[in-house]
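Q: Could you pick one part of this model and walk me through it closely? I'd like to know where it sits, what it packs against and which side chains are tucked away.

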Amino acid sequence: MVSKNLLPPLTLYRQLLRAHRKLPPSLRSLGDNYVKSEFKRHQNITNPIHIVGFLSEWQSYLEEIKQTSKLASTEEIKFGKKIELEDLEKFNNQQLGQLYELRNETKAAISKPKKSEKEIL
C-alpha cells in the first residue's frame, strides 16, 4: 500500500463537499448530510490513531468519488461499492446500525421520483 499525505481536516471536508457537486441531486444531499454529521461527531476526537483512521478513510472515499465522477460523465454507472464480509466483521454494533440506517436512507433517496417525474404524474 502506498503511503499518502493526509489532507488537513478542513481541507478534506471542503473537497468532499465539492466532489459531491458532481453526484446526482439525491445522492449529493445524502452525501453532504452524512459528511457534515460525521465530521461534526468526530471534531473533538483526540486519539491520534482514530484521527488518522478517520481522515484516511474519508480521503480514500474522496479519491473514489473523483474517479467515479470522471467515469459518470461518459457513461451510466453506479456509485458506491460492495463492503467485503471481512471488513464488515470488523464493525461494532453501533457501526452496523449506522450502516443499516445509511443503506435505508440511500434506498429512499434513490427511489424518490425526480421533480420532472412528479410533474408528469
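A: What follows is a close look at one helix and its neighbours, starting from the whole chain and then zooming in.

Keep in mind that this is a predicted model. The protein chain has 121 residues, of which 20% count as buried. There are six helices and zero strands, so to speak an α-α-α-α-α-α pattern when you read along the sequence. If you take the contacts with a separation of 6 or more, 57% of them are between residues 24 or more positions apart.

The part to zoom in on is helix H2, which covers residues 25-41. A quick sanity check on its geometry: with 17 residues at 1.5 Å a residue, H2 should span 24 Å, and its end C-alpha atoms are indeed 24 Å apart, so the two agree.

Now for the partner that comes before H2 in sequence. Helix H1, residues 9-19, packs on H2 at an angle of about 165°, and the two axes are 10 Å apart. An angle over 145° counts as roughly antiparallel, and that is why H1 and H2 get that label. The crossing of H1 past H2 is left-handed. On the H1 side, the contact uses Pro9, Leu12, Tyr13, Leu16 and Leu17, while H2 brings Asp32, Val35, Lys36 and Phe39. Sort those contact residues by type and you get seven nonpolar, two charged and no polar.

Which residues of H2 are buried? They are Leu27, Leu30, Gly31, Asp32, Val35, Glu38 and Phe39. Asp32 is worth a second look: this H2 residue has a relative accessibility of 13%, which is under the 20% cut-off, so Asp32 counts as buried. Setting aside residues up to four places away in sequence, Asp32 touches Leu17 and His20.

Next, Trp58, which belongs to helix H3 (residues 48-72). Trp58 is at 9% relative accessibility and therefore counts as buried. Again leaving out residues up to four places away, Trp58 touches Leu12, Leu16, Tyr34, Val35, Glu38 and Phe39. Of those, Leu12 and Leu16 also take part in the H1 side of the contact with H2, as Val35 and Phe39 do on the H2 side. Trp58 and Leu16 are 42 residues apart in sequence, but their C-alpha atoms are 8.2 Å apart in space.

Finally, two more residues of H2. Pro25 sits in H2 and is exposed, with a relative accessible area of 70%. The C-alpha atoms of Pro25 and Ala109 are separated by 9.2 Å, with their positions 84 residues apart along the chain. Arg41, also in H2, is partly exposed at 47% relative accessible area. Beyond its neighbours within four places in sequence, Arg41 is in contact with Gln94 and Gln98.

To pull it together: H2 is roughly antiparallel to H1, Trp58 of H3 touches residues including Leu16 and Val35, and Arg41 reaches Gln94 and Gln98.

Definitions and conventions: Residues are numbered from 1 along each chain as its sequence is written. This is a predicted model: local features need pLDDT of at least 70, side-chain atom pairs count only at pLDDT 80 or more; totals for chains, interfaces and linings use all residues. Side-chain values use heavy atoms; hydrogens and water are left out. Axes are lines fitted to C-alpha atoms, for helices over the stretch in contact, and angles run from 0 to 180 degrees between N-to-C directions. Helices (H or I, at least four residues) and strands (E, at least two) are DSSP runs, numbered from the N terminus. Angles under 35 degrees count as roughly parallel, over 145 as roughly antiparallel, 65 to 115 as roughly perpendicular and the rest as oblique. A crossing is left-handed if the near helix is turned anticlockwise from the far one by less than a right angle, and right-handed if clockwise. Contact means heavy atoms within 4.5 Å. Ala, Val, Leu, Ile, Met, Phe, Trp, Tyr, Cys and Pro count as nonpolar, Asp, Glu, Lys and Arg as charged, and the others, Gly among them, as polar. Buried means under 20% relative accessible area, exposed over 50%, partly exposed in between (1.4 Å probe, protein chains only). The expected span of a helix is 1.5 Å times one less than its number of residues.
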